[in-house]
Amino acid sequence: MQKNILSIDLGKGSVGTAISRSGLFVTPLPNFRFKAGEYQAAIEHIREILAVEKIELIVIGYPLFPSGDPCEMTPVVERFILSLNEVFPSIPVERQDERNSTVEASALLHEGGKKAKKQKKSIDSVAAAVILRRYLARIGQGD
């Protein structure tokens, strides 16, 4: 059973993260905002998480168009994965299709009573949780 997994939803100026310590349950962590395009700040934020959490695997949302073709963010995420591999060589990184994860996250937040205007502070981390739940389901550990 895979445990202690960190999930990442990388945006142009924010990173959402979520964690599964049990390999079954997923907890969103606070969103982190950075100056657009300055992905080193996101790496440092992840470093802070890894200083506290014993992470065995990183799952990153892999952006694609609905057709499955690469989109504008795909090469950005690829470069970010290379940085993760360089900075944290002992932690494997898995890609997980993130198509519609933000839409699903928004629906979950709406169900929880958060209107669209109030979702900005948490939507990326909830999307990271959606991505991690999908990954766990894919490997037969999720719901």
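Which elements cover the buried residues of α2? In this predicted model, the cover includes the strands β1 (5–10), β5 (57–62) and β6 (93–97) together with helix α1. The description below begins with α2 itself and then turns to the aromatic and charged pairs.

Helix α2 comprises 14 residues, and the distance from its first C-alpha to its last is 20 Å, close to the 20 Å expected at 1.5 Å a residue. The buried residues of this helix are Thr74, Val76, Val77, Phe80, Ile81 and Leu84. Viewed down the axis of α2, these buried residues fall within an arc of 150°, and they therefore line one face of the helix. The face turned away from the buried side carries Arg79, Leu82 and Glu86, which are exposed. For Leu82, a residue of helix α2, the relative accessibility is 57%; because exposed means over 50%, Leu82 counts as exposed. The C-alpha atom of Leu82 is separated by 9.4 Å from that of Val93, and the two residues are 11 apart along the chain.

Phe80, one of the buried residues of α2, also takes part in an aromatic contact. The structure holds 3 aromatic pairs. In one of them, Tyr39 and Phe80 are arranged edge-to-face, with 6.4 Å from centre to centre and 70° between the planes. Tyr39 belongs to helix α1 (residues 39–52) and Phe80 to helix α2 (residues 74–87), so the pair ties together parts that are 41 residues apart in sequence. Both Tyr39 and Phe80 are buried. A single aromatic cluster is formed by these two residues with Phe32 and Phe34.

Charged side chains provide further links. The structure holds 6 salt bridges. One of these joins the side chains of Glu53 and Arg21, at an N to O distance of 2.7 Å. Glu53 lies in the loop between α1 and β5, whereas Arg21 lies in the loop between β2 (14–20) and β3 (27–28), so this pair ties together parts that are 32 residues apart in sequence. Arg21 is partly exposed, with a relative accessible area of 42%.

A salt bridge also joins the side chains of Glu78 and Arg95, with an N to O distance of 2.9 Å. This pair links distant parts of the chain, since Glu78 is in helix α2 and Arg95 in strand β6, 17 residues apart. Strand β6 is also among the elements that cover the buried residues of α2. Glu78 has a relative accessibility of 25% and counts as partly exposed. Arg95 is likewise partly exposed, its relative accessible area being 37%.

Strand β6 is involved in another such contact, the salt bridge between Arg138 and Glu94. The closest N and O atoms of Arg138 and Glu94 are 3.5 Å apart. Arg138 lies in helix α4 (residues 123–138) and Glu94 in strand β6, so the pair ties together parts that are 44 residues apart in sequence. Arg138, at 46% relative accessibility, counts as partly exposed, and Glu94 is partly exposed with a relative accessible area of 31%.

Note on methods: Residues numbered from 1 in each chain as written. Predicted model: local features only at pLDDT ≥ 70, side-chain atom pairs only at ≥ 80, totals over all residues. Heavy atoms only, no water. Phe/Tyr/Trp six-rings, centres within 6.5 Å; stacked < 30°, edge-to-face > 60°. Helix = DSSP H or I, 4+ residues; strand = E, 2+ residues; numbered from the N terminus. Buried < 20%, exposed > 50% of the residue type's maximum accessible area, 1.4 Å probe, protein only. Expected span 1.5 Å × (residues − 1). Arc of directions from axis to C-beta. Contact = heavy atoms within 4.5 Å. Salt bridge = Lys/Arg side-chain N within 4 Å of Asp/Glu carboxyl O.
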